[in-house]
Amino acid sequence: MPVGAAYALQPEGSVAAARLFRVIVPVANIEAAAIFYGNVLGDPGRRISPGRHYFGCGGTILACFDPRADGDEWEARPNPDHLYLAVSDLEDSLARVRSQPGAAVHREIETQPWGERSFYCSDPFGNKLCFVDERTLFTAGLL
C-alpha cells in the first residue's frame, strides 16, 4: 500500500490533524542552556521546573530539559539529529551562535540543493541545530 493510502480511504475530515507543540532538547546544565538558548533566540524563556526551561518558538515550545536537575537518575544525551529553526535574519542568528561559549558552527551559511539558505551548528551539549532563512523554507507543501 503506498504511503498515505490508508488516510485516502478515510472519510474526509475523519482523521484528526496532529500539531507539534513541544520539542525536548536534552541538556546537562539547565542554567547554561537557559543562557545559551536565551541569547541565541533573543528571548529569556521561562523556567518551568528545576530542570526545564521553555522557549516559545512560533507555536512550538523548545524545552531544554536537564534530567539530573529535575531529580531523575539518568544523564542527558544529545538528540541524534538536527533541530531546524526558521529565522528572519540568518546572518544575525549565525553571529549570535558564534558569540556563545561552547557553540560550534559546522557549516557556514549556504543554499541547499532544495533551496533553503541555512547554516549548521551545535549547542554546548552536542545537540545539532540548523538555522534556516524563513523566506526559503522547503515544506513539501505540507505547511
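Student: How should the accessibility of Arg47 be read: buried, exposed or partly exposed?
Tutor: Arg47 counts as partly exposed, because its relative accessibility is 32% and the partly exposed class covers values between 20% and 50%. Please keep in mind that this is a predicted model.

Student: With which residue does Arg47 form a salt bridge?
Tutor: The general idea is that side chains of opposite charge can pair when their charged atoms come close. Here the partner of Arg47 is Glu31, and the closest N and O atoms are 3.1 Å apart. Arg47 belongs to strand β2 and Glu31 to helix α2, so this salt bridge ties together parts that are 16 residues apart in sequence. Glu31 has a relative accessible area of 47% and is therefore partly exposed.

Student: How many salt bridges does a search of the whole structure find?
Tutor: The search finds 9 salt bridges. Among them is the contact between Glu91 and Arg117, at 2.5 Å from N to O. This pair links distant parts of the chain, since Glu91 is in helix α3 (residues 90-98) and Arg117 in strand β7 (residues 117-122), 26 residues apart. With a relative accessible area of 42%, Glu91 is partly exposed; Arg117, at 22% relative accessibility, also counts as partly exposed.

Student: Which residues are linked with Glu91 and Arg117 in a network of salt bridges?
Tutor: Asp133 and Arg135 are linked with them in that network.

Student: Where do Arg96 and Asp92 lie?
Tutor: Both residues lie in helix α3, 4 residues apart, which is about one turn of the helix. Their side chains meet in a salt bridge of 2.9 Å, N to O. Arg96 is partly exposed at 29% relative accessibility, and Asp92 is partly exposed with a relative accessible area of 33%.

Student: What is the strand order of the open sheet of 4 strands?
Tutor: In general, strands of a sheet pair through backbone hydrogen bonds, either parallel or antiparallel. In this model the order is β1-β4-β3-β2, and the pairing is mixed. The edges are held by β1 (22-26) and β2 (46-49); each has a single partner strand, so one side of each is left without a neighbour in the sheet. From one strand to the next, the twist averages 30 degrees.

Student: How many bridges join strand β3 to strand β4, and how do these strands run?
Tutor: Strands β3 (residues 52-57) and β4 (residues 60-65) are joined by 6 bridges and run antiparallel. Tyr54 stands opposite Ala63 in β4.

Student: Which strands does helix α2 lie across?
Tutor: Helix α2 (residues 30-41) lies across β1, β2, β3 and β4, and its direction makes an angle of about 15 degrees with β3.

Student: How many aromatic pairs does a search of the whole structure find?
Tutor: A pair of aromatic rings is described by the distance of the centres and the angle of the planes. The search finds 5 aromatic pairs. In one of these, the rings of Phe119 and Phe131 have their centres 5.1 Å apart and their planes at 10 degrees, so the pair is stacked. Phe119 lies in strand β7 and Phe131 in strand β8, so the stacked rings tie together parts that are 12 residues apart in sequence. Elsewhere, ring pairs link Phe36, Tyr37 and Phe55 into a cluster.

Student: Is Phe119 buried or exposed?
Tutor: Phe119 is buried, because its relative accessible area is 0%. Leaving aside neighbours within four places in sequence, the residues in contact with Phe119 include Leu90, Leu94, Val97, Ile109, Leu129 and Phe131. The C-alpha atoms of Phe119 and Glu91 are separated by 9.4 Å, while the two residues are 28 residues apart along the chain.

Student: Over which ring does the charged end of Arg52 sit?
Tutor: The charged end of Arg52 sits over the ring of Phe65, at 4.3 Å from its centre.

Student: What is the phi of Ala140?
Tutor: Phi of Ala140 is near 55 degrees, a positive value in a residue other than glycine. Ala140 is placed in the segment after β8 (128-133). Its relative accessibility is 53%, so Ala140 counts as exposed.

Conventions
Residues numbered from 1 in each chain as written. Predicted model: local features only at pLDDT ≥ 70, side-chain atom pairs only at ≥ 80, totals over all residues. Heavy atoms only, no water. Helix = DSSP H or I, 4+ residues; strand = E, 2+ residues; numbered from the N terminus. Buried < 20%, exposed > 50% of the residue type's maximum accessible area, 1.4 Å probe, protein only. Pairing = 2+ DSSP bridges. Axes fitted to C-alpha atoms, helices over the stretch in contact; angles between N-to-C directions. Contact = heavy atoms within 4.5 Å. Salt bridge = Lys/Arg side-chain N within 4 Å of Asp/Glu carboxyl O. Phe/Tyr/Trp six-rings, centres within 6.5 Å; stacked < 30°, edge-to-face > 60°. Lys NZ or Arg CZ within 6 Å of the ring centre and 35° of its normal.
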